[in-house]
Amino acid sequence: MAVTVFIPSPLRSYTGKQASVMLEGETVEEVLGNLASRFAQLRPHLYAENGGLRSYVNIYLNDKDIRYLKQGKTPVGASDTLSIVPAIAGGAPGIEAVPDVALRNEEILRYSRHLIMPEVGMKGQMRLKASRVLIVGAGGLGSPLGLYLAAAGVGTIGIVDFDVVEVTNLQRQIVHTTADIGRSKLASAEESIRGVNPHVVVEPHEVRLTSENALRILERYDVIVDGTDNFATRYLVNDACVLLGKPNVYGSIFRFDGQVSVFDARSGPCYRCLYPAPPPPGLVPSCAEGGVLGVLPGIIGSLQALETIKLIIGQGDTLVGRLVLFDALRFSFRELTLRKDPACPICGESPTIHALIDYDEFCGIPASPAGQGGTAQRDITVEQLKAQRDRGENLFLLDVREPHEYDIVHLDAHLIPLGDLPARMSELDTTQDIVVYCRTGVRSAQAAEFLRKSGFARVRNLTGGIDAWAQRIDPSLPRY
Amino acid sequence: MIRIGEDALQQIRDHGVRTYPEECCGVMLGREVDGNRTIDAVYPVDNVQEVNRKRRFLVSPAQYLEAERTAAERGMDLLGFYHSHPDHPAAPSQYDTEHALPWFTYVIVSVREGKADDLTAWALRENRDRFEQASVVVSAPAAHATQPHATGIPAKPRKEL
């Protein structure tokens with residue numbers, strides 16, 4: 001469907017002097033994409049380096065700003081006119097004590113509990129509104145972060161995530177609801193945030209953060225908040241923040257324990273000063289493997305939101321140079337002083353890292369899932385296991401999970417928790433065909449490797465674990 | 001190089017003095033013939049910036065579209081916008097560069113202690129990295145502002161700034 005696009009005077013030199021052009025497209029972004037394809041020299045003046053429209057480019061559908069419609073997704077029809085309307089702005093140089101934002105009366109009322117505190121006041125609230133915060137991960141930590149930062153009036157919140165909401169997330173990820181299961185986490189988080197505060201601009205980045213895109217995404221934000229659940233991304237976020245000179249509000253959670261700090265290499269240590277190298281893969285289980293108390297990310301994420309707000313309004317003492325450890329079972333907060341490591345490879349006195357590296361490799365993660373050939377005899381799929389059992393083959397099933405997991409669901413297997421395996425190997429027969437399983441296949445892979453090294457030749461790991469069995473073989477079993 | 005009528009020039013200066021200590025902004029209309037620009041008419045628009053008006057100006061989208069319409073109706077080109085820098089030099093700021101558009105001419109008038117001072121003209125370089133200054137040539141008021149250079153002979157420059 002062809003739509004009329006109005007070209008403003010300054011851009012007509014790229015459209016052969018035409019003041020309007022007819023272009024195909026079902027939505028605003030399709031039409032604009034076609035415009036930039038047809039007139040390639042126009043592109044840098046319409047789009048910023050990150051692929052979004054430049055901040056001074058307004059798009060009107062007939063007489064309505066698309067920001068108040070469905071933005072780029074706004075549908076267009078044949079009788080519509082799309083106008084590119086540049087915002088004409090400028091001004092004298094000078095350092096700004098107060099950013100270029102105004103608070104409407106509705107906002108003044110909304111933030112009144114902030115405004116009556118002198119530490120925040122109008123100046124602090126305007127700084128919040130002018131600020132741009134990036135949350136990496138819309139999960140356990142990202143949930144309270146997104147909600148509290150939005151409620152507090154942070155003007156622009158970017159979120160990086162590429163997952164969909166699963167039912168197992170809902171025990172802790174309060175930005176998502178039961179109705180969101182199966183939706184993209186970004187769409188779900190954006191909706192919740194808008195519900196809390198419609199004044200907030202949400203910038204979704206539906207990508208996996210990588211060495212290729214991290215600098216480009218992070219550079220547009222004032223504060224980066226790390227809500228990731230793996231070491232590779234955590235080192236990536238740290239290094240990108242150091243290279244860009246931005247503060248990194250760090251948080252991590254596991255079972256009943258949490259950590260919080262603010263890494264800002266310009267004035268203090270970075271994550272590498274604290275942990276120069278990642279642990280060997282598999283040594284520290286993820287929350288999916290080891291579990292996490294649902295309220296814990298609520299506490300740690302809220303502390304991260306607190307530190308983010310303090311950084312923006314410039315009040316109080318931040319956690320730069322301090323690491324706080326929270327033990328929920330004992331209920332204790334401990335504080336450790338962190339020092340900048342002069343030998344730190346990225347923020348030390350003579351750094352050796354000047355660009356982002358391959359973080360999967362750095363963290364010992366294979367570039368691709370284990371090759372099929374080498375592991376064919378070491379792995380068994382749930383379908384193969386089912387077939388062998390149905391044929392009545394003599395297989396010894398070994399469950400290496402914890403007893404409380406065995407209580408949830410099991411496959412009538414012999415139970416030896418992974419940690420007890422070295423001491424209880426005598427319960428196994430070295431000549432028998434053994435299939436080891438756990439929940440998803442990570443711990444059982446370690447167990448199988450350990451057994452092979454200990455002389456058990458015929459050990460196979462059930463890929464995907466009992467979770468794959470429940471999904472693909474016996475849906476009557478509960479998943480957890 | 002841009003030519004600008006003496007009347008238009010005076011209107012820009014007067015506008016900057018009127019809004020001092022806040023920034024003023026306005027529309028510049030005229031003609032571009034073979035790369036030579038002549039500004040024949042200017043008119044003020046409201047600075048809709050809500051805060052920091054001593055350091056910032058903003059033209060509303062509605063006023064922008066109105067400027068395009070006015071230019072088209074009068075058979076002129078929308079050549080650019082002017083604004084003032086109260087108590088600051090007539091040179092573009094980083095903020096000006098970030099918000100600038102290609103092709104437009106930007107005229108900046110410095111207003112010091114309420115009096116109009118230097119006036120300069122600028123255009124954004126094609127790669128957007130910075131502005132390039134254009135010389136300003138004051139031309140005599142055109143007899144028929146809506147149809148300049150009807151004879152094909154440009155008005156003679158009187159004074160180079």
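Let's start with chain B, whose secondary structure comes to three helices and 10 strands. This is a predicted model, so please read everything below as a description of computed coordinates. Walking from the N terminus, you meet the elements of chain B in the order β-α-β-β-β-α-β-α-β-β-β-β-β. Of the 161 residues in this chain, 47% count as buried. Contacts that reach far along the sequence are well represented: among those in chain B between residues at least 6 apart, 60% join residues at least 24 apart.

A good place to settle in is strand E5 of chain B, residues 77-86. This strand is mostly covered, with 10 of its 10 residues buried. What lies beside E5(B)? One partner is strand E2 of chain B (residues 25-33), which runs antiparallel to E5(B) and is joined to it by six bridges. To find this pairing on your screen, look for Cys25(B), whose bridge partner in E5(B) is His83(B). Another partner is strand E6 of chain B, residues 105-112. Here the two strands run parallel, and seven bridges join them. Phe81(B) is a handy marker for this pairing, standing opposite Tyr106(B) in E6(B). As you follow the side chains, keep in mind that in a regular strand they alternate between the two faces of the sheet.

How does the chain get from E5(B) to E6(B)? Helix H3 of chain B (residues 94-99) belongs to this part of the path, and E5(B), H3(B) and E6(B) together make a right-handed β-α-β unit.

E5(B) also matters when we turn to the other chain. In all, 30 residues of chain B are in contact with 25 residues of chain A. On the chain B side, strand E4 (57-59), helix H2 (61-73), E5 and H3 each supply at least two of the residues that touch chain A. Which element gives the largest share of that side? The answer is E5(B), with six residues.

Finally, let's step over to chain A and look at a pair of helices: H6(A), residues 142-152, and H7(A), residues 185-196. Their axes come within 9 Å and cross at roughly 30 degrees. Angles under 35 degrees count as roughly parallel, and H6(A) and H7(A) are therefore roughly parallel to each other. The crossing in which H6(A) passes H7(A) is right-handed. From H6(A), the contact is made by Gly146(A), Leu147(A), Ala150(A) and Ala151(A); from H7(A), Ala189(A), Ser192(A), Ile193(A) and Val196(A) take part.

Definitions and conventions: Residues numbered from 1 in each chain as written. Chains lettered and ligands numbered in written order. Predicted model: local features only at pLDDT ≥ 70, side-chain atom pairs only at ≥ 80, totals over all residues. Buried ≥ 20, exposed ≤ 12 C-beta atoms within 10 Å, placed from the backbone. Helix = DSSP H or I, 4+ residues; strand = E, 2+ residues; numbered from the N terminus. Pairing = 2+ DSSP bridges. Right-handed = clockwise from strand over helix to strand, strands pointing away. Axes fitted to C-alpha atoms, helices over the stretch in contact; angles between N-to-C directions. Parallel < 35°, antiparallel > 145°, perpendicular 65-115°, else oblique. Left-handed = near helix turned anticlockwise from the far one by under 90°. Contact = placed C-beta atoms within 7 Å.
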